[in-house]
Amino acid sequence: PGLLTWPAQIEPRTVSAPCHTGDYYPTVLAAIGESTAGPQLDGINIWPIIKGEQQQRQQDIHLQFGTQ
């Protein structure tokens, strides 16, 4: 769960799409207009979900436990 507030950018609403802490960095970059091009990031930009332009993630969340 999380709470976001940015009245000039985000309309009040509920989002039920899952998110991972790795998504924070690429999302903040997108929100401030910076490129996410470059090294591969662990997360994805979920700014379109936050803005209401998209309903679900475009990629699954993959978790790995232990060593393989």
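Modeller: A polar contact is a pair of N or O atoms within 3.5 Å. The model discussed here is predicted.

Colleague: What makes the approach of the Thr27 side chain to the backbone nitrogen of Ile46 a polar contact?

Modeller: The side chain of Thr27 reaches that nitrogen of Ile46 at 2.9 Å. The limit is 3.5 Å, so the distance qualifies.

Colleague: Which residues does Thr27 touch, leaving aside those up to four places away in sequence?

Modeller: Ile44, Asn45, Ile46, Trp47 and Ile50.

Colleague: Why is Thr27 called buried?

Modeller: Its relative accessibility is 7%. Buried means under 20%, so Thr27 counts as buried. Thr27 is found in helix H1, where Pro26 and Leu29 are buried too.

Colleague: How do you know that the buried residues of H1 line one face of the helix?

Modeller: Those residues are Pro26, Thr27 and Leu29. Viewed down the axis of H1, they fall within an arc of 160°, and therefore line one face. What they pack against is H2.

Colleague: Why is Ile32 called exposed?

Modeller: Ile32 has a relative accessible area of 56%. Exposed means over 50%, so Ile32 belongs in that class. Ile32 is placed in the loop between helix H1 (24-31) and helix H2 (47-51).

Colleague: Which residues form a nonpolar patch with Ile32 on the surface?

Modeller: Trp6 and Val28 do, and together the three have about 290 Å² of accessible area. For membership, a residue needs over 30% relative accessible area; Ile32, at 56%, satisfies that condition.

Colleague: What is the sign of phi at Gly33, which follows H1?

Modeller: Positive, near 85°.

How values were computed. Residues are numbered from 1 along each chain as its sequence is written. This is a predicted model: local features need pLDDT of at least 70, side-chain atom pairs count only at pLDDT 80 or more; totals for chains, interfaces and linings use all residues. Side-chain values use heavy atoms; hydrogens and water are left out. Patches are made of residues with over 30% relative accessible area and no salt bridge: like charges are joined within 9 Å, nonpolar side chains (Val, Leu, Ile, Met, Phe, Trp, Tyr) within 5 Å. Accessible areas come from the Shrake-Rupley method with a 1.4 Å probe; for residues, only the protein chains shown count as cover. A salt bridge is a side-chain nitrogen of Lys or Arg within 4 Å of a carboxyl oxygen of Asp or Glu. Helices (H or I, at least four residues) and strands (E, at least two) are DSSP runs, numbered from the N terminus. Buried means under 20% relative accessible area, exposed over 50%, partly exposed in between (1.4 Å probe, protein chains only). A polar contact is a pair of N or O atoms within 3.5 Å; within protein, one must be able to donate a hydrogen and the other to accept it, and residues adjacent in sequence count only if both atoms are side-chain atoms. Contact means heavy atoms within 4.5 Å. The arc is that of the directions from the helix axis to the C-beta atoms.
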